[in-house]
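Please take a moment with the sequence and the structure shown below, and then follow the text from a single residue outward to the charged pairs and the surface.

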Amino acid sequence: MMFIGGLMVALTIEHCNLHKRIALRVLLLVGASPRWLMLGFMLTTMFLSMWISNTATTAMMVPIVEAVVQELFKDGEEEMKREPNVRMVPDGMSTCSSNNTLEIDLDSSESQNLEAVSIDSIADVGKSCQELTAASADQRSYSCTTHEYKQTIRTCVLMSIAYSSNIGGTGSLIGSSPQLALKGILDELYGSAPGLNFASWMAFNVPGMLINTFLAWIWLQCLFLGFKRTTADDNTQAAVIKKLIRRKYEELGPMTFHELATLILFILCVALWFFRDPQFITGWAEFLPAVEVDDATAVMTIVLLLFIIPAKPRFWNRDTAERNRAGPSPALLEWKLVQDRLPWGIVLLLGGGFALSDASKASGLSSWLGDQLAVLSFLPPFAIMLIICIMTAAVTEVASNTATANILLPILAEMAVTIKVNPLFLMLPATVTCSYAFMLPVATPPNAIVFAAGRMNPTDMVKAGLLMNIVCVVVICVLMASFGSFMFGFDEFPDWAVPQVKNATMTTLSQFSNCTSP
């Protein structure tokens with residue numbers, strides 16, 4: 001229910017264009033040079049991907065990127081169109097054709113009397129022709145270079161959007177489906193004992209998300225842009241880009257009641273999630289002891305308000321005709337919109353993953369695979385975690401991250417019990433790594449969207465994504481061994497994991513004794 005409620009809140013944000021307003025506003029605050037513009041795109045995409053679908057965020061940002069890239073090279077392309085090409089023609093007048101090609105006649109009446117032409121004049125004409133030919137060649141070279149640089153900028157910025165979308169999805173518990181799979185499996189196996197909730201997830205993963213986004217920004221600059229100093233032309237282009245973004249922002253008009261109410265309810269939803277059980281202060285759920293409250297309770301309360309509050313109340317409209325309109329105002333969120341645009345396939349995929357997880361546990365497959373992986377127990381726990389993350393990153397490049405998480409997490413839970421480490425020490429980094437798929441277009445929907453929009457070379461994506469996979473895996477493993485150990489206490493095997501093994505063993509022995517008793 002938490003996942004479905006989160007999708008409904010995200011759908012409301014998309015429906016009222018609040019996400020586009022936030023994106024353009026952030027881009028206005030950052031610089032408009034290519035490198036700072038890329039950072040603005042990355043921060044905006046990262047933040048939005050924490051709350052709404054990675055696919056929707058990427059699909060919204062791509063047209064903005066295309067408009068900005070076109071504006072960056074607009075002046076150069078117009079200059080190319082105005083600059084004439086020069087060539088010699090045997091007959092006819094010297095003309096400038098419709099495609100800006102200047103035609104110079106060599107056989108006209110003015111050129112028939114060659115005897116009257118001096119040797120110096122002929123030399124001057126020859127020199128001029130050479131200069132014109134050289135200028136034409138330089139122009140063609142400039143055109144080719146400009147096109148290549150434009151494609152490089154487009155590839156770099158689009159790739160940064162895909163990376164920040166995948167990384168940003170790890171920042172909150174509803175950002176991507178692997179987190180929800182982890183939460184569901186932990187609740188089923190251990191209840192609330194592990195202490196993983198919305199607040200603790202964000203407290204641990206937001207620093208890693210910011211670090212990985214910053215490293216991705218540095219890496220893409222090294223690979224595509226370099227670190228040259230800003231010139232006067234760059235400053236002129238930056239001013240033009242900022243003007244374009246401001247114009248697009250002004251086209252949205254003033255903030256509507258629909259956007260304002262959605263923004264307030266969204267902030268309230270995040271606050272309810274964060275302060276339900278923050279563990280450093282008393283959460284609001286403690287004041288409702290008679291009711292079982294979880295994260296789904298908060299989001300479904302907000303969804304109920306979205307279905308009730310009108311999107312166009314009469315008191316908000318200054319237009320008299322709008323105030324006097326007949327009939328009630330539509331709500332902030334209507335069921336027709338939910339029915340048409342909610343990604344039901346993802347809901348079914350997540351539910352199917354839970355069923356697969358239960359089947360592997362009930363059949364004993366998870367326990368058997370966990371025992372087989374126990375051969376790694378001679379390695380230090382950090383090395384085991386690193387190997388698991390590398391394997392997960394490789395699998396998620398060619399398989400669904402949701403399916404990967406649902407299959408892998410029950411196995412890791414059994415393995416953790418076998419080698420006597422905290423189950424979160426293996427399950428949490430593997431869950432985050434499921435979203436670290438940067439190499440292949442088919443790895444994630446954001447990768448596929450930017451690959452098609454930018455007409456990229458697959459080699460470029462693989463070359464850039466390989467290092468990003470390695471960097472992100474190393475970052476999450478280092479965070480788990482340092483900050484994660486401080487937050488979740490990985491130094492010792494927790495008591496909440498022990499009863500599960502004992503209860504399962506006692507149940508098996510009880511069933512065996514019942515079957516063998518006369």
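In this predicted model, a useful place to begin is Val450, which touches Thr58, Val62, Leu158, Ala162, Met456 and Met461 when residues up to four places away in sequence are not counted. Val450 is found in helix α19, which covers residues 445–454, and with a relative accessible area of 0% Val450 is buried. A further view of these surroundings comes from Ile161, which is separated from Val450 by 289 residues in sequence, although the two C-alpha atoms are 7.9 Å apart in space.

From this buried residue we can turn to the charged side chains. Side chains of opposite charge can pair when their charged atoms come close. The count of salt bridges in the model comes to 5, and three of these pairs, described in turn below, show where the partners sit.

One of them joins the side chains of Glu14 and Arg341, with 3.5 Å from N to O. Because Glu14 lies in helix α1 (residues 2–15) and Arg341 in helix α13 (residues 335–341), the pair ties together parts that are 327 residues apart in sequence. The partners can also be described by their accessibility: Glu14 is buried, at a relative accessible area of 16%, whereas Arg341, at 42% relative accessibility, counts as partly exposed.

Another salt bridge is formed by the side chains of Arg21 and Glu259, with an N to O distance of 2.7 Å. This pair likewise links distant parts of the chain, since Arg21 belongs to helix α2 (residues 18–29) and Glu259 to helix α10 (residues 257–274), 238 residues apart. Here both Arg21 and Glu259 are buried.

What separates Asp187 from Lys183 along the chain? These two residues, whose side chains meet in a salt bridge at 3.0 Å from N to O, both lie in helix α7 (residues 177–190) and are 4 residues apart, which is about one turn of the helix. Asp187 counts as partly exposed because its relative accessibility is 38%, while Lys183, with a relative accessible area of 13%, is buried.

Finally, the surface itself carries a nonpolar patch formed by Phe382, Leu466, Leu467, Ile470, Val474 and Val478, which together have about 480 Å² of accessible area. Helix α20, running over residues 458–488, supplies the largest share of this patch, with 5 residues. One of the patch residues, Ile470, is found in helix α20, and at 47% relative accessibility Ile470 counts as partly exposed.

Key:
Residues are numbered from 1 along each chain as its sequence is written. This is a predicted model: local features need pLDDT of at least 70, side-chain atom pairs count only at pLDDT 80 or more; totals for chains, interfaces and linings use all residues. Side-chain values use heavy atoms; hydrogens and water are left out. Patches are made of residues with over 30% relative accessible area and no salt bridge: like charges are joined within 9 Å, nonpolar side chains (Val, Leu, Ile, Met, Phe, Trp, Tyr) within 5 Å. Accessible areas come from the Shrake-Rupley method with a 1.4 Å probe; for residues, only the protein chains shown count as cover. A salt bridge is a side-chain nitrogen of Lys or Arg within 4 Å of a carboxyl oxygen of Asp or Glu. Helices (H or I, at least four residues) and strands (E, at least two) are DSSP runs, numbered from the N terminus. Buried means under 20% relative accessible area, exposed over 50%, partly exposed in between (1.4 Å probe, protein chains only). Contact means heavy atoms within 4.5 Å.
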